[in-house]
Amino acid sequence: MKLQSKYFGQIDYDEEDIVTFSSGPFGFEEEHRFLLLPFEGSAGTLLCFQSVSTPALAFVAMDPFSLMPDYSPVLQPKELEELGVHDSQELAFYVLCVVKKPVSDSTVNLKCPVAIHPETRAARQVILEADSYEMRHPLAQFGMEEGAPC
């Protein structure tokens, strides 16, 4: 299938590439189907959640472990059940990034990651109970400076 994406122009994708949210990302609950596309040159650490139904809608995301190797999101039992797993470590996690200029002023939301079941591609954005994560961690906190991939 073809899609006119926000950041990548026209792309081809297969139905099995789609990540499905039972309830869309916060503030976009009506959006359920996204493609997770890596930005060129980012080695898979900088990605885009591209809506399949609304081509102009895309979210910049990052691999939180590339920023904070000891990041340890723990989901609640109900969230784990909804995603079809028994442990948070069975899931892939991505954090949404608010890109600003300069890039060092950009922030990532470590408090509300997107959790994805790698096999079923089921996704859910969650709010972690851990107090150590915030909704607006500056990229500068992780040594990201102007010219960085975000």
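This passage describes the fold, the nonpolar cores, the largest pocket and some notable backbone sites of one protein, as seen in a predicted model.

The overall fold comes first. The protein contains two helices and eleven strands. Following the chain from its start, these elements appear in the order β-β-β-β-β-β-α-α-β-β-β-β-β. The radius of gyration is 15 Å, close to the 15 Å given by the globule rule for 150 residues, so the protein is as compact as a globular protein of that length. Along the principal axes, the C-alpha atoms occupy a box of roughly 40 × 40 × 25 Å. Of the 150 residues, 47% are buried. The contact pattern adds to this picture: among contacts between residues at least 6 apart in sequence, 50% link residues that are at least 24 apart.

The interior can be described through its nonpolar cores. The largest of them has 26 residues, and those with the most contacts inside it are Met62, Leu75, Leu91, Val108, Leu110 and Leu139. Strand S5 (46-51), strand S6, helix H2 (77-83) and strand S7 each contribute at least two residues to this core. A second core, separate from the largest one, has 14 residues, including Phe21, Leu36, Phe59 and Val114.

Leucine 110 is a good residue to look up in the structure. Setting aside residues up to four places away in sequence, leucine 110 touches Pro64, Met68, Tyr71, Val95, Leu128, Tyr133, Glu134, His137 and Phe142. 

The empty space in the model is worth a look too. A probe the size of a water molecule, rolled over the atoms, shows where such space is left. The largest pocket has a volume of about 290 Å³. Its lining includes residues from strand S6 (58-62), strand S7 (92-98) and strand S8 (107-108), the elements that give two or more residues each. Strand S7 provides the largest share of the lining, with three residues. In total, 16 residues line the largest pocket, and Leu96, Cys97, Val98, Asn109 and Met135 lie nearest its centre. Sorted by class, the lining has eleven nonpolar, three polar and two charged residues.

One of the residues nearest the pocket centre, Cys97, can be followed further. Cysteine 97 belongs to strand S7, and with a relative accessibility of 9% it counts as buried. Cysteine 97 and arginine 136 are 39 residues apart along the chain, while their C-alpha atoms are separated by 8.8 Å.

The backbone holds a few sites that stand out against a general pattern. Most peptide bonds are trans, and most residues other than glycine have a negative phi. In this model, the peptide bond from lysine 101 to proline 102 is cis, with omega near -5°. Proline 102 sits in the loop between S7 and S8.

Alanine 43 has a positive phi, near 55°, and is not a glycine. This residue lies in the loop between strand S4 (33-38) and S5. Is alanine 43 buried or exposed? The cut-off for an exposed residue is over 50% relative accessible area, and alanine 43, at 78%, counts as exposed.

Arginine 121 is another residue with a positive phi, about 65°, although it is not a glycine. Arginine 121 is located in the loop between strand S9 (114-116) and strand S10 (122-125). With a relative accessible area of 25%, arginine 121 is partly exposed.

The loop between S9 and S10 also holds threonine 120 and histidine 117. Threonine 120 is exposed, at a relative accessible area of 53%, whereas histidine 117 is buried, at 9%. Where does histidine 117 make its contacts? Apart from neighbours within four places in sequence, histidine 117 is in contact with Leu83, Gly84, Val85, Leu91 and Ala122. Leu91 also appears among the residues with the most contacts inside the largest nonpolar core. As for threonine 120, its C-alpha lies 9.8 Å from that of isoleucine 18, and 102 residues separate the two in sequence.

How values were computed
Residues numbered from 1 in each chain as written. Predicted model: local features only at pLDDT ≥ 70, side-chain atom pairs only at ≥ 80, totals over all residues. Heavy atoms only, no water. 1 Å grid on protein atoms, 1.4 Å probe; cavity = no way out; pocket = protein on both sides within 12 Å on 5 of 7 lines; lining within 4 Å. Points joined across faces, edges and corners; volume = space filled by probe spheres on them. Helix = DSSP H or I, 4+ residues; strand = E, 2+ residues; numbered from the N terminus. Nonpolar A, V, L, I, M, F, W, Y, C, P; charged D, E, K, R; others polar. Core = buried A, V, L, I, M, F, W, Y, C linked by side-chain atoms within 4.5 Å. Buried < 20%, exposed > 50% of the residue type's maximum accessible area, 1.4 Å probe, protein only. Contact = heavy atoms within 4.5 Å. Rg over C-alpha atoms; globule rule 2.2 N^0.38 Å.
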